[in-house]
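Me: I'd like a close look at one part of this model: strand pairing. Please take your time and tie it to whatever else helps.

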Amino acid sequence: MKYGSLAPWWSSRDLPFASLQKEIDRVFDSYTRGMSDFAAPGWKAEAFAPRVDLVEEKEELKVTAELPGMDAKDVECTLDEDVLTIRGEKKSERTEEDKEKGHYLEERSYGSFCRAIPLPYAVDADKIQAAYSNGVLTVRLPKAPEAKSNGKRIAINSSDAGKARADKKVA
């Protein structure tokens, strides 16, 4: 290859193999996207992060987090100022054995997660409730009295309205 050439380092006869390698990488990347149970070297796996929904209701903020395959004892929920933090550790072990076929498999995966959720307003920390059922954590955060105050409608002045009044006086 000549100095300063923009040609790739591989020769034209290697091009089909480079293309094939890119396609194989793309297939494996799309297959493993979102999977946290693969811990084998060389596999790309995203960290487990539970899906969270926040719903504002009249008197409270309801937070639900999907934590499939976890026990309530493996989850910790804390409130620090205006940030709700959900953290935990997911452990999974699977063992299969079939001596007749010479088959033996043992898989383990471990991972911890932490989700910090900034709250949009102050909550009454003494009245917070959390429940865990069927892999779903539900946290109810009652609004603090100052957050419940009714809003006030603010009048919006428009320079166009003043101009229209001035135009009427001139006519």
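Reply: Let's get our bearings first. The chain has three helices and seven strands, where helices (H or I, at least four residues) and strands (E, at least two) are DSSP runs, numbered from the N terminus. Read from the N terminus, the order is α-β-β-β-β-β-β-β-α-α.

Some ground rules before the details. This is a predicted model, with residues numbered from 1 along each chain as its sequence is written. Local features need pLDDT of at least 70, side-chain atom pairs count only at pLDDT 80 or more, totals for chains, interfaces and linings use all residues, and side-chain values use heavy atoms, leaving out hydrogens and water.

How far can you lean on it? The average pLDDT (the predictor's confidence in each residue, from 0 to 100) is 76 for the chain, and 71% of the residues score at least 70. Residues 1-7 fall below 50, and beyond near neighbours in sequence that stretch has two contacts in the model, a contact being heavy atoms within 4.5 Å. Residues 35-46 also stay under 50 in pLDDT, with 15 contacts beyond four places in sequence. Where pLDDT is low, the predicted coordinates should not be read in detail.

Now the strands. One open sheet has three of them, in the order β3-β4-β5, paired antiparallel; two strands pair if DSSP finds at least two bridges between them. The edges belong to β3 (75-80) and β5 (103-118), which have a single partner strand each, so one side of each is left without a neighbour in the sheet. From one strand to the next the twist averages 10°, taking axes as lines fitted to C-alpha atoms, for helices over the stretch in contact, with angles from 0 to 180 degrees between N-to-C directions.

Zoom in on β3 and β4 (residues 83-98): six bridges join these antiparallel strands, and D80 has V83 of β4 as its bridge partner. E81 sits in the loop between β3 and β4. E81 has a positive phi of about 55° despite not being a glycine. That stands out, since most residues other than glycine have a negative phi. As for distance, 9.1 Å separates the C-alpha atoms of E81 and L119, which are 38 residues apart along the chain.

Next, the strands that pair with β7 (residues 136-142). β2 (residues 60-66) pairs with β7 in the antiparallel sense over seven bridges, while β6 (residues 129-133) and β7 are antiparallel over five bridges. V139 of β7 makes a handy landmark: V63 stands opposite V139, and A130 stands opposite V139 too. Elsewhere in β7, R140 is the bridge partner of Q129. β6 and β7 form a hairpin with two residues between the strands. N134, in the loop between β6 and β7, has a positive phi near 50° and is a residue other than glycine.

How do these spots differ in burial? Buried means under 20% relative accessible area, exposed over 50%, partly exposed in between (1.4 Å probe, protein chains only). E81 reaches 70% relative accessibility, so E81 counts as exposed; N134 does as well, at 78%. T64, placed in β2, is buried, at 18%. Setting aside neighbours within four places in sequence, T64 is in contact with R51, V52, D53, V136, L137 and T138.

What about the core? The largest nonpolar core (buried Ala, Val, Leu, Ile, Met, Phe, Trp, Tyr and Cys residues joined through side-chain atoms within 4.5 Å) has 17 residues, and V63, L67, L84, I86, L137 and L141 have the most contacts inside it. β2, β4, β5 and β7 each give two or more residues to this core. For one residue's view, look at L84: not counting residues up to four places away in sequence, L84 touches V63, C77, T78, L79, R115, A116, I117, L119, V139 and L141.

Finally, step back to the chain. Buried residues are 18% of its 171 residues. Of the contacts between residues at least 6 apart in sequence, 45% join residues at least 24 apart. The exposed area is about 13900 Å², with 51% of it supplied by carbon and sulfur atoms; these areas come from the Shrake-Rupley method with a 1.4 Å probe, and for residues only the protein chains shown count as cover.
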